[in-house]
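Student: I have a structure to look through and some questions about it. Can we go through them one at a time?
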Amino acid sequence: SAKLYDSSFALIATINLPSGSVARVAGIRTCAEAQIFYVGTSQNPGKFCTVTSTGVQSAQTTLTGSTAGNLEGLAASNDQTILYFATISAAAAIQRWDIVGGAVLSDLVAGIPLYRVRDIIVLRDDSILVGYSEADFIVKRYSAAGATLNTYGPFTFAGSSSPRLATALDDPTSFWVMPVDASDDGERTFQHILTADGSTIGTVQSFIFEQGEYRGVETATPI
């Protein structure tokens with residue numbers, strides 16, 4: 001299941017996921033304009049539902065007719081007419097789903113050989129950010145018509161953790177990238193990226209905890 005909390009971490013709702021041996025959350029993205037969450041489930045074919053800020057969950061939608069493979073990332077257009085999504089497979093295309101009509105559409109863009117899609121974000125200007133990983137991590141920005149507007153990186157990528165993307169307060173002027181360095185010791189340097197030219201305008205360092213275990217170097221000085 002997935003959980004929805006308020007800003008004080010008080011539980012609002014528990015999101016029910018479809019049953020199945022591989023049913024896990026494959027992505028949670030907010031449609032910024034509508035302030036609605038889209039929650040994807042890694043199944044073949046993938047499924048998704050919407051969740052309001054008060055915890056009201058829609059029925060599950062199955063991405064029938066989409067390219068086979070377990071769902072890995074998703075994001076909805078600002079007007080909630082199109083869902084962009086991809087599978088975990090190498091060289092997976094960015095697929096499109098007609099949310100209103102309930103049918104698969106033509107691909108937004110073809111996949112990149114050897115690279116896997118790790119994250120998808122729709123910015124407020126309707127452009128789409130996609131994070132790809134192979135031996136490194138790159139981010140591409142596409143128009144809603146599928147034209148490549150920018151390529152950012154490469155950023156570091158190593159270990160078993162997944163790099164991530166996030167919107168910024170001044171969306172679409174900038175966005176955030178969470179690369180994974182070679183040590184994969186739980187320390188992350190979040191990079192604040194200018195959308196126009198890919199320059200780094202700030203960084204924030206933090207530690208990621210997995211299963212309640214601190215993976216960094218032991219120290220007597222609290223973080």
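Tutor: Yes. This is a predicted model. A place to begin is Pro172, which sits in the loop between β15 and β16 (174–178).

Student: What is the peptide bond from Asp171 to Pro172 like, cis or trans?

Tutor: The bond from Asp171 to Pro172 is cis, and its omega is near 15°.

Student: And which residue is joined to Pro154 by a cis peptide bond?

Tutor: Gly153 is joined to Pro154 that way, with omega at about 10°. Pro154 belongs to strand β14, residues 148–155.

Student: Back to Asp171 for a second. Where does it come up again with the largest pocket?

Tutor: First the pocket: the largest one has a volume of about 290 Å³. It is lined by 16 residues, and those closest to its centre are Arg29, Thr30, Ala32, Thr167 and Asp171. So that the strands are clear too: two or more lining residues come from each of β3 (25–31), β7 (71–76), β11 (116–122) and β15 (164–167).

Student: Which element gives the most to that lining?

Tutor: β3 does, with three residues.

Student: How does the lining divide into nonpolar, polar and charged?

Tutor: Ten of the lining residues are nonpolar, three are polar and three are charged.

Student: New topic. What sheet is β3 in, and what's the strand order?

Tutor: β3 is in an open sheet of four strands, ordered β3-β4-β5-β6, and the pairing is antiparallel.

Student: Why do β3 and β6 each have one side without a neighbour in the sheet?

Tutor: β3 and β6 (61–62) stand at the edges and each has a single partner strand, so one side of each has no neighbour in the sheet.

Student: How many bridges join β4 to β5?

Tutor: Five bridges join β4 to β5, residues 47–51, and the two strands run antiparallel. One pair to look at is Gly40 and its bridge partner in β5, Phe48.

Student: What about the loop between β3 and β4, which residue should I look at there?

Tutor: Gln35 is in that loop, and β4 covers 36–41. Gln35 has a positive phi of about 55°, although it is not a glycine.

Student: How exposed is Gln35?

Tutor: Gln35 has a relative accessible area of 48%, so it counts as partly exposed, since exposed means over 50%.

Student: And what is phi for Leu114?

Tutor: Phi of Leu114 is near 75°, which is positive in a residue other than glycine. Leu114 lies in the loop between β10 (103–104) and β11.

Student: Is Leu114 buried or exposed?

Tutor: Leu114 counts as exposed, because its relative accessibility is 61% and the cut-off for exposed is over 50%.

Definitions and conventions: Residues numbered from 1 in each chain as written. Predicted model: local features only at pLDDT ≥ 70, side-chain atom pairs only at ≥ 80, totals over all residues. Heavy atoms only, no water. 1 Å grid on protein atoms, 1.4 Å probe; cavity = no way out; pocket = protein on both sides within 12 Å on 5 of 7 lines; lining within 4 Å. Points joined across faces, edges and corners; volume = space filled by probe spheres on them. Nonpolar A, V, L, I, M, F, W, Y, C, P; charged D, E, K, R; others polar. Buried < 20%, exposed > 50% of the residue type's maximum accessible area, 1.4 Å probe, protein only. Pairing = 2+ DSSP bridges.
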